Amino acid sequence: MAPLIPAILGFGVSFGVLARSAGLDAWATTAMSLTTFAGSAQFAAVSILGAGGGVTAAVVAAVLLNARYVALGVSVASVFRGPALRRLLESQLVIDESWALGTTAPGRFDRRLLLGAGAVCYLFWVLGTVVGVLGASALGDPTVLGLDAAFPALFLALLVAQLRSRRAVLAAVGGALVALVLLPLTPLGVPIIAAAAVPLLGLRR
Amino acid sequence: MTDAWLVVVVVGVATVVMKGFGPVVLGGRPLPGRAAGPLELLAPALLAALVLTQTVGGDRTIFVDERLLGVAAAGVALWLRAPMLLVVVVAAAVTAVARVMT
């Protein structure tokens with residue numbers, strides 16, 4: 001858990017800075033971290049808006065990037081209890097990082113670990129965003145700090161922890177290959193959705 | 001409503017609905033056994049795609065820059081069984097230094 005905090009905080013700061021530089025106001029930037037709480041989709045939407053890509057492209061990219069949360073949510077659905085509203089609120093804490101940290105064995109989840117990790121990530125993501133928004137003018141380009149490489153490194157570390165079986169390795173190789181092929185051909189977001197479809201091939205067997 | 005707010009609201013609502021779908025509709029019940037197998041493999045497939053797209057991803061292009069050096073250094077750190085925090089710091093530091101040098 002602890003290693004995630006500086007990464008999430010730092011990335012939140014860079015989101016705040018980049019969103020401001022892309023032309024979002026302070027409130028819209030903070031509101032996005034509070035409601036969407038998904039770094040890759042937020043960065044995609046903001047970068048497209050900033051580049052003049054338009055509302056439709058920004059929304060489609062972000063929604064496609066977040067569509068994997070349907071599958072993620074379905075996979076953890078069995079650990080959610082209580083009224084529908086409580087399940088809806090708690091489900092917002094399921095992100096890639098908390099999902100990976102809450103996995104005790106393939107397909108099995110620890111509810112407290114999942115929600116605890118999600119809550120910590122949420123807190124530091126929003127906090128980082130606010131710091132970034134406030135310090136946007138003082139801080140320089142976050143890429144100078146190498147923060148854009150921090151996230152793939154984090155995902156790589158989480159990936160290595162997941163490679164416990166031959167099937168998992170195959171799924172990872174398949175996901176990476178699909179993403180690599182689609183990366184130059186499709187808008188941001190599509191390669192990740194397509195990679196999410198790779199494990200579904202297992203249904204045929 | 002400005003374009004920015006429109007994006008914030010639509011993406012926000014869509015994300016809340018997508019995240020909530022499974023827990024609200026299926027909550028408390030186990031998954032149909034048939035779906036459980038492939039879902040176990042979602043994490044490795046997605047994480048691999050995220051690593052790839054965030055390391056060499058550009059706008060509809062494969063774009064190699066200093067990030068690749070940083071992530072490669074992170075790979076070495078992982079191989080040496082470094083803790084996750086160190087792995088992330090190594091990636092950022094190597095990338096930042098490489099950018100200064102180029």
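## Exercises on a two-chain predicted model

B:Arg81 sits in the loop that joins α4 (66-79) and α5 (84-101) of chain B. The structure is a predicted model, in which local features need pLDDT of at least 70 and side-chain atom pairs count only at pLDDT 80 or more, while totals for chains, interfaces and linings use all residues. Residues are numbered from 1 along each chain as its sequence is written, chains are lettered from A and ligands numbered from 1 in the order in which they are written, and side-chain values use heavy atoms, with hydrogens and water left out. Helices (H or I, at least four residues) and strands (E, at least two) are DSSP runs, numbered from the N terminus.

**Exercise 1. Two loop residues with positive phi**

Task: state the phi of B:Arg81 and of A:Phe37, and decide whether each residue is buried or exposed.

Solution.
- Step 1. Most residues other than glycine have a negative phi.
- Step 2. B:Arg81 is not a glycine, yet its phi is positive, about 60°. A:Phe37, also a residue other than glycine, has a positive phi near 45°.
- Step 3. Apply the cut-offs: buried means under 20% relative accessible area, exposed over 50%, and partly exposed in between (1.4 Å probe, protein chains only).
- Step 4. B:Arg81 has 77% relative accessibility, so it counts as exposed. A:Phe37 has 4%, so it counts as buried.
- Step 5. A:Phe37 belongs to the loop between α2 and α3 of chain A.

**Exercise 2. The neighbours of A:Thr36**

Task: place A:Thr36 in chain A, classify its accessibility and list its contacts beyond four places in sequence.

Solution.
- Step 1. A:Thr36 is in the loop between α2 (26-35) and α3 (39-50) of chain A.
- Step 2. Its relative accessibility is 0%, and therefore A:Thr36 is buried.
- Step 3. Contact means heavy atoms within 4.5 Å. With neighbours within four places in sequence set aside, A:Thr36 is in contact with A:Gln42 and A:Asn66 in chain A, and with B:Val11, B:Gly12, B:Thr15 and B:Lys19 in chain B.

**Exercise 3. Two residues of helix α8**

Task: for A:Gly128 and A:Leu123, which is buried and which is exposed?

Solution.
- Step 1. A:Gly128 lies in helix α8 (residues 111-135) of chain A, and A:Leu123 is in helix α8 of chain A too.
- Step 2. The relative accessible area of A:Gly128 is 0%, so A:Gly128 is buried. That of A:Leu123 is 54%, so A:Leu123 is exposed.
- Step 3. Not counting residues up to four places away in sequence, A:Gly128 touches A:Leu9, A:Gly12 and A:Val13.
- Step 4. C-alpha to C-alpha, A:Gly128 is 16 Å from A:Ser21, with their positions 107 residues apart in sequence. A:Leu123 and A:Thr29 are 94 residues apart in sequence and 15 Å apart in space, again C-alpha to C-alpha.

**Exercise 4. A helix pair across the chains**

Task: how are α9 of chain A and α3 of chain B oriented to each other, and which residues make the contact?

Solution.
- Step 1. Axes are lines fitted to C-alpha atoms, for helices over the stretch in contact, and angles run from 0 to 180 degrees between N-to-C directions. The axes of α9 (residues 147-162) of chain A and α3 (residues 42-56) of chain B come within 9 Å and cross at roughly 155°.
- Step 2. α9(A) is therefore roughly antiparallel to α3(B) (angles under 35 degrees count as roughly parallel, over 145 as roughly antiparallel, 65 to 115 as roughly perpendicular and the rest as oblique).
- Step 3. From α9(A), the contact uses A:Asp148, A:Phe151, A:Pro152, A:Phe155, A:Leu156, A:Leu158, A:Leu159 and A:Gln162. From α3(B), the contact uses B:Ala43, B:Pro44, B:Leu47, B:Ala48, B:Leu50, B:Val51, B:Gln54 and B:Thr55.
- Step 4. By class, the contact of α9(A) with α3(B) has 12 nonpolar, three polar and one charged residues (Ala, Val, Leu, Ile, Met, Phe, Trp, Tyr, Cys and Pro count as nonpolar, Asp, Glu, Lys and Arg as charged, and the others, Gly among them, as polar).

**Exercise 5. A helix pair within chain A**

Task: describe how α10 and α11 of chain A pack.

Solution.
- Step 1. Helix α10 (residues 166-182) and helix α11 (residues 190-197) of chain A have axes 8 Å apart, at an angle of about 150°.
- Step 2. α10(A) and α11(A) are therefore roughly antiparallel.
- Step 3. On the α10(A) side are A:Gly175, A:Val178, A:Ala179 and A:Leu182; they meet A:Val190, A:Pro191, A:Ala194 and A:Ala195 of α11(A).
- Step 4. The contact of α10(A) with α11(A) divides into seven nonpolar, one polar and no charged residues.

**Exercise 6. Chain B as a whole**

Task: how many helices and strands does chain B have, and what share of its residues is buried?

Solution.
- Step 1. Chain B has five helices and zero strands.
- Step 2. Of its 102 residues, 52% are buried.
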